[in-house]
Structure formats: structure tokens, C-alpha cells
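Please open the structure in a viewer and keep the selection tool at hand. The tour below proceeds from one selection to the next.

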2 protein chains.
Amino acid sequence: MKERSDNRKVLSIREGETREEERPVVQETPLTIFLNGKELITLLTTGDANRELAIGFLLSEGFLNDPRCLESIREDPSSGTVDVNLSGDLSIIEKLWGKRTVTSGCGKGATFYHVLDSLHARQTASGVTVSPSRIRELMDELNRLSGLYRKTGGVHNCALADIESILVFRDDIGRHNAVDKIYGNCFLENIPMEDKLLLTTGRISSEMTVKTIRMGVSVLISRSAPTSLALDLAERAGLTVVGYVRGGGMVVYTGKERIKV
Amino acid sequence: MKERSDNRKVLSIREGETREEERPVVQETPLTIFLNGKELITLLTTGDANRELAIGFLLSEGFLNDPRCLESIREDPSSGTVDVNLSGDLSIIEKLWGKRTVTSGCGKGATFYHVLDSLHARQTASGVTVSPSRIRELMDELNRLSGLYRKTGGVHNCALADIESILVFRDDIGRHNAVDKIYGNCFLENIPMEDKLLLTTGRISSEMTVKTIRMGVSVLISRSAPTSLALDLAERAGLTVVGYVRGGGMVVYTGKERIKV
């Protein structure tokens, strides 16, 4: 994997003592996604998994739904671009292209309401169950895997896991990007996401919940707090949300039947 | 201020012990901004300062530059909308409207490149200096002010300060929203931002730096880590960036001449 941090000369101040030193800083770089030859969006990312991130973004935002529609992906590292060509029903693309201009934010869903619409039908139906001690072990594993976080403090970590162990790990300066990289990876590698768990160090906003539900994942686990709207959506879709997994404790907010206590 | 949290029935699990309890969860609600009658964007927010947030967003993204151009702001709480009317040179609005479709992300700048363009001219010229012990005191004050964070764990805090104390405090589920609320408040209340300090609990991405430079603030202070691109932009604009203000220490990344050690 390519180097994803720079060393910077800093002043480090501690207990009245000041010294010059070098500190690693996480890299942030723009990635522009072209869809069928048209510039779609520029994401700010660590820049290590641009193809996955582009595909994950298109999946999350509803541009790509059917694997058979993916014609080609071409990355040009020198210009920081990924070109994706999709076939099939292009009316959905045109429709989203129009809507996308309407909604964006941070907590920013590039396409908020139409995503909500598309979720009405979805239900997280899997019968997977998991114990609190296994959740703790998986979260410990997530933290162990994050070399870049330990080095720079500037990324969020995310992982897809089954009830045994972590299957896919990704990190990024954006917590949404980290999820999209996993979504893109699973799509490109044909890794099923149903019956799986998604772990994140980031807060659980509505957008995080929406992505998780779209992936078909059953259990969303975070070391941080959820929002009211995230929980409303989770409840509607039957998604289990576990927050505050830290310091030996955790809080189960929705889908409690999947937690074996 | 209106209530910004809901109580939810949860399972709290700690050291093998499980109990049902109620926990407060931060509210997340959509806010749709209309500009000159046209739907511009939907932000996800705590919903307590919608006028400020709308104006701050328009300022951050370059739609609004001159106070004389602000014709009216109308909030409709029942529909979660703010209507803003601007006069003056509307060609910039049309231009950004087109560009906005191009760039959005999370770390998502709704308008990334044109913002970079607009920054080339800017320099943070103020001669303000601040001592490390004052920075620590201001960060302690920021943490003390955050009732909603202590209650729900689901928001980022942000404040504008002079070298004496905090002048404006805001929080939000999105760290960018919290900054935009402050930007909007200062604009609406005619509070000068030059010679000021901006404190945040969030990480310092390029977008955070861009907002700070646009505000004219001289010193950006965070308890978290910066990214490489954020530091590149800060250096170019002469902005002081101090990160990792926690546990008695801090790291000065750029603009070291403003830190009186």
C-alpha cells in the first residue's frame, strides 16, 4: 500500500516545554469521479482505494444497483480521477443527477430524500445473532488494525465482519468514505454483505444508517453515539444498532433481538 | 433553546450485566435551504439555529459575500426550510449553482475547487498572538459549555474566541455545520472575525481550513488532528493551526509566530 502520511515540522508543547519535531500527518487528496464521461463529484480522501471508493459512492447514492450494469472502471492516478461507465437504465442516472443538486450536506447526503424513499421497501431480514463479548473482541480487532490512525490520529476506521472475525478493513479521513470503500470492495470482490456486521469508529448519523441498510448488513456497531434520525431509520428497516462500544460497555439501541445476552 | 435530544429505551450492557434504561440521543433533522426561490441543498442538523446555519452555509460556499446583498431570510419551522433572497450580482450564484453539482463529498466541500481558487488572494494578516496556557484555558471553556455533548455524545463543539474568552459557542451533529452556525451568527450580528480564534472538537480537514480562512480568523485550534491538505492551505494563507490540544499538550503545525511560548 502506498504511503498515506507526510512528515511535518511542528512545535510540540507539553507542560511548558517546547520542542521542534517531525510529526506524521494523514494525507488528504481530491478524487474526482466521472460517470459515463460526465464529471459527477469530487471527494476528499486518503487516496489509497480510489476504484473501490468510486464504486462504493455510486452504490451508496443509488447510481449503481445491478452488477451487470458496470461496464468499466478506469483510474488515472496522475489526475486523481476515476472514470466509471454504466449501462442499463440510464433514466435513473439522469433522475439522480437532477436530484443530487438538491441535497448535500455534512452530515451531508448527496441525495437524501430519494435515498429515504428507496429504503421504504428494504428490511434487514437476517437471523444473525452476536454476543456482547464478541462485539467487544471485534471492536478490539478494528482498533488493532488501524496503523494509520495510531500514526496520524486523522482517520476513521471501518470494517465488515462476520461473527467470527473481520473480513474487510478500510480507513479514510471521511467516515462515509471508509464505509463506501468497503461497499465498493464487497461489490467488486463478490463478498456477500447480508448476515454481516459493520464496525465503525465514527458517529452513527442517518447517512451511516442509510448506507448500512443499502448494503444489506444486519448489525451496525460503533464506538460513538447515534442520532435520533439514524435510530428511526434503523428501527424501520430492522437494523440492529449498537453504540458506545468502549471501556468494556456498550448500548444496544435497536434490533435488540440480535444481541445474545 | 428548544430541546435537542430524545430519550430512547436501550439495553445498556456493562461487565456482563444488562439492564433496560432510557438514554438521551441527539436530534438529527433535515434543513432545506431555498435560495431566491430555488431549492439549493438539504443539510442534516440539530435544528436549533437554522437561520444562522443557512446564512453560514451561503457564506462558506461563496453564494453570499456582501452584507448589502442579503434581502431577506424567512424560516418555516414546520417544513424545516429557510428561504434566503439575495440581490446584487446574480451571475456568481448561477456560476456556483452549476459548479455545485460538480463537487461534494464528506470530507465533502459542496464547492471545492472554486473555493480553492477564491482563496489564492486571501491572506490572514492579523498580528494577534496567544499563549499555550490561554489556548488550554479556552479549550477547557469550550468543553465546559457543551451540555448537549455531555448528554448525548453526538455533537461537535465549536467557538469563536478572542484571546480573553469565548464569544460565540455553537454545536451540531456536523462539525462543518457548527462552524457555519458561528459564521452565520457573526455575519448577522456584525461580530468581526479578524484577530479571532476558532476552536473546534473536530478534525481539521481542508474544508475546515477553507471555512476558517474565508471567515478571516487567524488561529484555528482543535483537540484533534489535521490533514496534509489542510496544512498546505493554512500555510499558503498564513493561518495558524494548532492541533491535539488535550491532556495538557498541543502541537503547533503552521503560523508558529502567533504562539507566544
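The tour begins with the interface of two chains and then turns to single residues and salt bridges. The model is a predicted one.

**The interface**

Begin by colouring chain A and chain B separately. Where they meet, 70 residues of chain A are in contact with 70 residues of chain B. Between them the two chains bury about 5,700 Å², and 51% of this area lies on carbon and sulfur atoms.

Next, look for the charged pairs that span the boundary. Two salt bridges are found across the interface of chain A and chain B. For one of them, select A:Asp232 and B:Arg8, whose closest N and O atoms are 3.0 Å apart. The interface of chain A and chain B also has 24 residue pairs in polar contact, with both residues at pLDDT 80 or more.

Which strand gives the most to the side of chain A that touches chain B? Select residues 5-14 of chain A: this is strand S1, and it contributes eight residues. The side of chain A that touches chain B is made up of 29 nonpolar, 25 polar and 16 charged residues.

Keep S1 of chain A in view and add residues 249-254 of chain B, which form strand S12. These two strands pair in the antiparallel sense, over four bridges. To see a bridge at residue level, select A:Ile13; its partner in S12 of chain B is B:Met250.

**B:Arg8 and its second partner**

Return to B:Arg8, which is buried, with a relative accessible area of 14%. Besides A:Asp232, B:Arg8 has a salt-bridge partner in B:Asp6, with the closest N and O atoms 3.2 Å apart. B:Asp6 itself is partly exposed, at 26% relative accessible area.

For a wider set, select A:Arg4, A:Asp48, A:Asp171, A:Asp172 and A:Lys181 together. Salt bridges with shared partners join these residues into one network.

**Two residues with positive phi**

Most residues other than glycine have a negative phi. The next two selections have a positive one.

Select A:Glu15, in the loop between S1 and strand S2 (17-26) of chain A. A:Glu15 is not a glycine, yet its phi is positive, at about 50 degrees. Is A:Glu15 buried or exposed? With a relative accessible area of 72%, A:Glu15 is exposed.

Now move to chain B and select B:Asn36, in the loop between strand S3 (29-35) and strand S4 (38-45). B:Asn36 is likewise not a glycine and has a positive phi, of about 45 degrees. Its relative accessible area of 31% makes B:Asn36 partly exposed.

**Side-chain pairs in chain A**

Go back to chain A and select residues 29-35, strand S3, in which A:Thr32 lies. A:Thr32 is buried, with a relative accessible area of 7%. Adding A:Thr42 to the selection shows a polar contact of 2.9 Å between the side chains of A:Thr32 and A:Thr42.

The structure holds 26 salt bridges over all chains, and two within chain A close the tour. Select A:Asp66 and A:Arg68, whose side chains meet in a salt bridge of 2.7 Å, N to O. A:Asp66 is partly exposed, at 23% relative accessible area, whereas A:Arg68 counts as exposed, at 68%.

Finally, select A:Asp83 and A:Arg74, a salt bridge in which the closest N and O atoms are 3.9 Å apart. Why does A:Asp83 count as buried? Its relative accessibility is 19%, and buried means under 20%. A:Arg74, by contrast, is exposed, with a relative accessible area of 53%.

Definitions and conventions. Residues numbered from 1 in each chain as written. Chains lettered and ligands numbered in written order. Heavy atoms only, no water. Contact = heavy atoms within 4.5 Å. Buried area = accessible area lost by both parts, 1.4 Å probe. Salt bridge = Lys/Arg side-chain N within 4 Å of Asp/Glu carboxyl O. Polar contact = N/O pair within 3.5 Å; in protein donor to acceptor, adjacent residues only side chain to side chain. Nonpolar A, V, L, I, M, F, W, Y, C, P; charged D, E, K, R; others polar. Pairing = 2+ DSSP bridges. Buried < 20%, exposed > 50% of the residue type's maximum accessible area, 1.4 Å probe, protein only.
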